[in-house]
Amino acid sequence: MLSRIRQAETPYLRDDLDGVEVGDTASVAVRIKEGDRERVQTFTGTVIKIRGGGLGKTFTVRRIVQGEGVERIFPFHSPILESIKVTRKGKVRRAKLYYLRDRVGKATRLREVLGPRKPKKAKKAKPAPQPVAEPEVGDAPAVENAGEQVEQTATHES
């Protein structure tokens with residue numbers, strides 16, 4: 001049953017509006033019809049909530065207008081949405097930012113993600129170690145040197 005519903009929703013899903021996350025400051029361009037005219041109005045604010053899935057997926061944007069908090073809920077896949085532009089990426093540790101409702105002024109600011117980090121400089125590659133040639137039967141080490149090494153280790157132990 002559920003898979004049939006997902007199949008029926010698939011042609012209506014929009015894939016051009018991905019990339020918005022909770023904590024981002026976004027400008028949402030909305031088509032507004034006034035009589036026979038149609039115009040585009042932008043609503044800029046902080047995304048405080050994303051909920052749902054499929055065609056019912058929505059996000060809530062909050063901004064302060066003349067000292068009063070205004071929240072607006074937008075459906076992700078609605079045809080009235082013209083575009084969503086993320087102006088700042090916010091770094092948050094919550095899925096829902098309801099605590100911003102109680103804050104005023106500078107307290108509502110979120111940490112900003114400043115973009116991808118630069119890759120670290122590559123270190124100079126060390127030359128590969130040369131394989132040690134195995135001694136052949138004719139190149140046996142001198143017996144005198146081997147005896148001295150044994151004597152030295154014996155003297156250090158005693």
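**Figure 1. A salt bridge joins K89 and D24 in this predicted model.** Start with two side chains, those of K89 and D24, which meet in a salt bridge with an N to O distance of 3.3 Å. The partners come from distant parts of the chain: K89 belongs to strand β5, while D24 sits in the loop between α1 and β1, and 65 residues separate them. How accessible is each partner? K89 counts as partly exposed, because its relative accessibility is 32%. D24, in contrast, is buried, with a relative accessible area of 0%. As a general idea to keep in mind, side chains of opposite charge can pair when their charged atoms come close.

**Figure 2. R31 and E38 belong to a small network of salt bridges.** Here the side chains of R31 and E38 meet, with 3.9 Å from N to O. R31 is partly exposed, at a relative accessible area of 33%. Which residues make up the network? Salt bridges with shared partners connect R31, E38 and E82. Across the whole structure there are 9 salt bridges.

**Figure 3. R14 and D16 form another salt bridge.** In this view, look for the closest N and O atoms of R14 and D16, which are 3.3 Å apart. Is D16 buried or exposed? D16 is exposed, because its relative accessible area is 52%, and the cut-off for that word is over 50%.

**Figure 4. Strand β5 pairs with β1 and with β6.** Let us follow β5, which covers residues 81–91. Strand β1, made of residues 25–34, runs antiparallel to β5, and 6 bridges join the two. To find your place in this pairing, look for A29, which stands opposite S83 of β5. How many bridges join β5 to β6? There are 3 bridges, and these two strands also run antiparallel, with β6 spanning residues 111–113. A handy landmark is G90, whose bridge partner in β6 is E112. When you trace any strand, remember that in a regular strand the side chains alternate between the two faces of the sheet.

**Figure 5. S27 is a buried residue of strand β1.** S27 lies in β1, and it counts as buried because its relative accessible area is 17%, below the 20% cut-off. What does the side chain of S27 reach? It makes a polar contact with the side chain of T44 at 3.1 Å. Leaving out residues up to four places away in sequence, S27 touches F43, T44, S83, I84, K85 and T87. You can also find T42 in this view: the C-alpha atoms of S27 and T42 are 6.1 Å apart, although their positions lie 15 residues apart along the chain.

**Figure 6. R62 in strand β3 makes a polar contact with E71.** Is R62 buried or exposed? R62 is buried, as its relative accessible area is 14%. Its side chain makes a polar contact with the side chain of E71 at 3.0 Å. Beyond its neighbours within four places in sequence, R62 is in contact with several residues, including G45, T46, I48, G69, V70, L100 and R101.

**Figure 7. Q66 has a positive phi value.** Find Q66 in the loop between β3 (58–65) and β4 (68–75). Its phi is near 55°, a positive value in a residue other than glycine. Q66 is exposed, with a relative accessible area of 83%.

**Figure 8. M1, L2 and I5 make a nonpolar surface patch.** The patch formed by these residues is about 360 Å² in area. One of its members, L2, is found in helix α1, which spans residues 2–9. L2 counts as exposed, because its relative accessibility is 56%.

**Figure 9. The protein chain as a whole has 2 helices and 6 strands.** Now step back from the close-ups and read along the sequence: the pattern is α-β-β-β-β-β-β-α. The chain has 158 residues, and buried residues make up 22% of them. Its accessible surface comes to about 13200 Å², with 52% belonging to carbon and sulfur atoms. Among contacts with a separation of 6 or more, 52% join residues 24 or more positions apart.

Terms used: Residues are numbered from 1 along each chain as its sequence is written. This is a predicted model: local features need pLDDT of at least 70, side-chain atom pairs count only at pLDDT 80 or more; totals for chains, interfaces and linings use all residues. Side-chain values use heavy atoms; hydrogens and water are left out. Helices (H or I, at least four residues) and strands (E, at least two) are DSSP runs, numbered from the N terminus. Buried means under 20% relative accessible area, exposed over 50%, partly exposed in between (1.4 Å probe, protein chains only). Two strands pair if DSSP finds at least two bridges between them. Patches are made of residues with over 30% relative accessible area and no salt bridge: like charges are joined within 9 Å, nonpolar side chains (Val, Leu, Ile, Met, Phe, Trp, Tyr) within 5 Å. Accessible areas come from the Shrake-Rupley method with a 1.4 Å probe; for residues, only the protein chains shown count as cover. A salt bridge is a side-chain nitrogen of Lys or Arg within 4 Å of a carboxyl oxygen of Asp or Glu. A polar contact is a pair of N or O atoms within 3.5 Å; within protein, one must be able to donate a hydrogen and the other to accept it, and residues adjacent in sequence count only if both atoms are side-chain atoms. Contact means heavy atoms within 4.5 Å.
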